[in-house]
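Please work through the following exercises with the sequence and the model open beside you. Try each task before reading its solution.

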Amino acid sequence: MARSGLAAAARVARWADAALGPGRDGATHDGKATLSDATAERAADDLGVTPAQIRADWDTARLAGLVEVHGDSARPGWRLRAWDRDDSAVLRGWVALFDAWSLATPEPADQEPGAVAEVVSAMPQVLSFLQLSAGPVPVEQLLDLLSQRVTELRTERCEVSYGPDADTASPKAPAPDADPAQPARDAELAPLLDWALRALASVGALTCGEGQATLTPLGNWAVWVKLEQICVAAQSPAGNIEVSAEEMLRGCAQLRPNAARAEYRAWLAARPVGSAVTELLSAARGEDALLRGLAFEALRVVGAPAEPDVRAVVEEPALRPYALLWLAEHDGVDPEDAHEVLTREEATWLWVDTAAAVADHGEAPMLVRHLESALQPTVPALLDEVRAVGHPRTVQVLVALAAAHPDPALAKAVRRAAFQVHTGGS
């Protein structure tokens with residue numbers, strides 16, 4: 001249902017990728033990847049629809065994240081890239097459109113911006129009521145609910161009416177059946193409720209007819225997802241929802257994997273995906289190797305929306321092995337086999353980075369056990385490749401390993417290698 005509802009938007013997004021991308025012969029004459037009249041007419045000719053339909057589909061594509069405009073070029077969003085192989089990308093695109101319902105249909109021109117903002121803020125409660133009702137709900141009943149919620153919002157801001165009834169007005173919201181201002185408020189809100197319902201219908205969230213509104217299956221699912229996210233965010237076991245990514249990751253360092261993943265989900269549910277991914281990658285760029293690994297574990301919870309940002313850091317040496325493993329698993333490679341995408345040098349670099357995390361946060365026996373996970377068949381071979389890989393923590397890792405290992409001869413060889421790296425010798 002989401003795929004069919006966004007099919008026209010996906011088609012115009014693909015057209016934009018071919019015609020408006022940087023360096024393409026089909027770029028607009030003004031050098032901007034915007035739908036000027038000429039661009040809309042050209043797209044309409046190419047796709048066999050009207051310019052008005054092209055504009056509508058273009059707006060939908062942008063709201064759904066199928067196309068992104070950057071300066072003078074348009075490029076496909078990650079959802080369009082994953083469109084044919086990932087149903088979750090399609091659903092996320094539709095949820096993005098659902099979240100932007102208030103932008104999908106122009107608001108009434110004769111309404112105050114403040115009143116429009118109040119209705120937008122109140123609509124989640126209306127949608128929740130529709131979801132709980134599991135069937136058609138009379139618009140009059142929705143208007144009553146909207147009116148009550150708007151009254152609550154105004155009361156929370158301590159707004160008091162200064163109309164004819166100001167002397168008798170109470171700062172607390174009276175019961176709806178006893179409020180003399182109710183008819184006037186309903187008259188004020190009725191056109192805004194009509195606008196909101198039409199906007200939600202235009203994105204496929206509900207249907208309206210015969211004085212009733214009903215959530216579509218997609219709308220019902222989206223409201224359920226939003227309610228679930230609120231519940232997840234409220235159930236953070238370690239209480240890290242409001243802290244930075246770095247603080248959250250440090251808080252998860254001592255948790256078991258399942259508990260850590262629950263904490264990642266709660267932290268992610270409380271903020272926009274884009275900013276969350278940016279914050280996690282920023283934490284991964286720090287000096288703490290443990291946070292680097294945990295950041296990519298959190299990005300695994302994010303899933304497909306993180307793909308463009310993860311691909312963008314592949315060329316950063318400190319993040320490359322982690323990013324390549326993440327992308328391999330994202331593309332369906334079994335996690336046990338994902339290491340095969342790394343070169344020998346990348347795998348060795350990752351071994352040193354992981355050893356640095358163990359040295360900083362683990363115990364000596366863990367570091368000794370980590371030695372057994374190296375790809376190299378012998379310790380001398382490992383030491384040769386570790387020296388060559390150039391990890392900034394190589395000396396500290398080797399010194400810590402030498403101090404932890406119970407075999408005196410092996411510890412001596414590791415200390416010698418650490419000295420050689422430190423002095424630049426061979």
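**Exercise 1. Find what share of the residues is buried, and describe the chain as a whole.**

Solution. Of the 426 residues in the protein chain, 43% count as buried, and it should be kept in mind from the start that the model is a predicted one. Next, turn to the surface: the chain exposes about 21900 Å², of which carbon and sulfur atoms supply 54%. Then consider the secondary structure, which comprises 22 helices and 5 strands. Finally, look at the contacts with a separation of 6 or more, where residues 24 or more positions apart account for 63%.

**Exercise 2. Determine which helices the salt bridge between D37 and R55 ties together, and how accessible its two partners are.**

Solution. Begin with the general idea that side chains of opposite charge can pair when their charged atoms come close. In this model the side chains of D37 and R55 meet in a salt bridge, with 2.8 Å from N to O. Because D37 lies in helix α3 (residues 37–47) and R55 in helix α4 (residues 51–63), the pair ties together parts that are 18 residues apart in sequence. For the accessibility, the cut-off for exposed is over 50% relative accessible area, so D37 at 55% counts as exposed, whereas R55 at 31% counts as partly exposed.

**Exercise 3. Examine the salt bridge between R292 and D353, and decide whether its partners are buried or exposed.**

Solution. The side chains of R292 and D353 meet in a salt bridge of 2.8 Å, taken from N to O. This pair links distant parts of the chain, since R292 sits in helix α15 (residues 289–302) and D353 in helix α18, 61 residues apart. As to accessibility, R292 and D353 are both buried.

**Exercise 4. Describe the salt bridge between R300 and E297, then place it among the salt bridges of the whole structure.**

Solution. Here the side chains of R300 and E297 meet at 3.2 Å, N to O. Both residues belong to helix α15 and lie 3 residues apart, which is about one turn of the helix. R300 is partly exposed, with a relative accessible area of 28%, and E297 is also partly exposed, at 34%. Elsewhere, E246, R250 and D288 are joined into one network by salt bridges that share partners. A search of the whole structure finds 17 salt bridges.

**Exercise 5. Locate A134 and E210, and state what is notable about the phi angle of each.**

Solution. A134 has a positive phi of about 55° although it is not a glycine. Its place is in the loop between α8 (113–133) and β3 (137–138), and A134 is exposed, with a relative accessible area of 69%. E210 likewise has a positive phi of about 55° without being a glycine. The loop that holds E210 runs between β4 (206–209) and β5 (212–215), and E210 is exposed, its relative accessible area being 81%.

**Exercise 6. Which residues gather in a patch of negative charge on the surface, and where is E340 found?**

Solution. The patch of negative charge is formed by D334, E336, D337 and E340. Taking E340 from this group, one finds it in the loop between α17 (320–330) and α18 (344–361). As a last step, the relative accessible area of E340 is 59%, so this residue is exposed.

Key:
Residues numbered from 1 in each chain as written. Predicted model: local features only at pLDDT ≥ 70, side-chain atom pairs only at ≥ 80, totals over all residues. Heavy atoms only, no water. Patch = residues over 30% accessible without salt bridge, like charges linked within 9 Å, V, L, I, M, F, W, Y side chains within 5 Å. Areas by Shrake-Rupley, 256 points an atom, 1.4 Å probe, with all protein chains shown as cover. Salt bridge = Lys/Arg side-chain N within 4 Å of Asp/Glu carboxyl O. Lys, Arg positive; Asp, Glu negative; His and termini not counted. Charge placed at Lys NZ, Arg CZ, Asp CG, Glu CD. Helix = DSSP H or I, 4+ residues; strand = E, 2+ residues; numbered from the N terminus. Buried < 20%, exposed > 50% of the residue type's maximum accessible area, 1.4 Å probe, protein only. Contact = heavy atoms within 4.5 Å.
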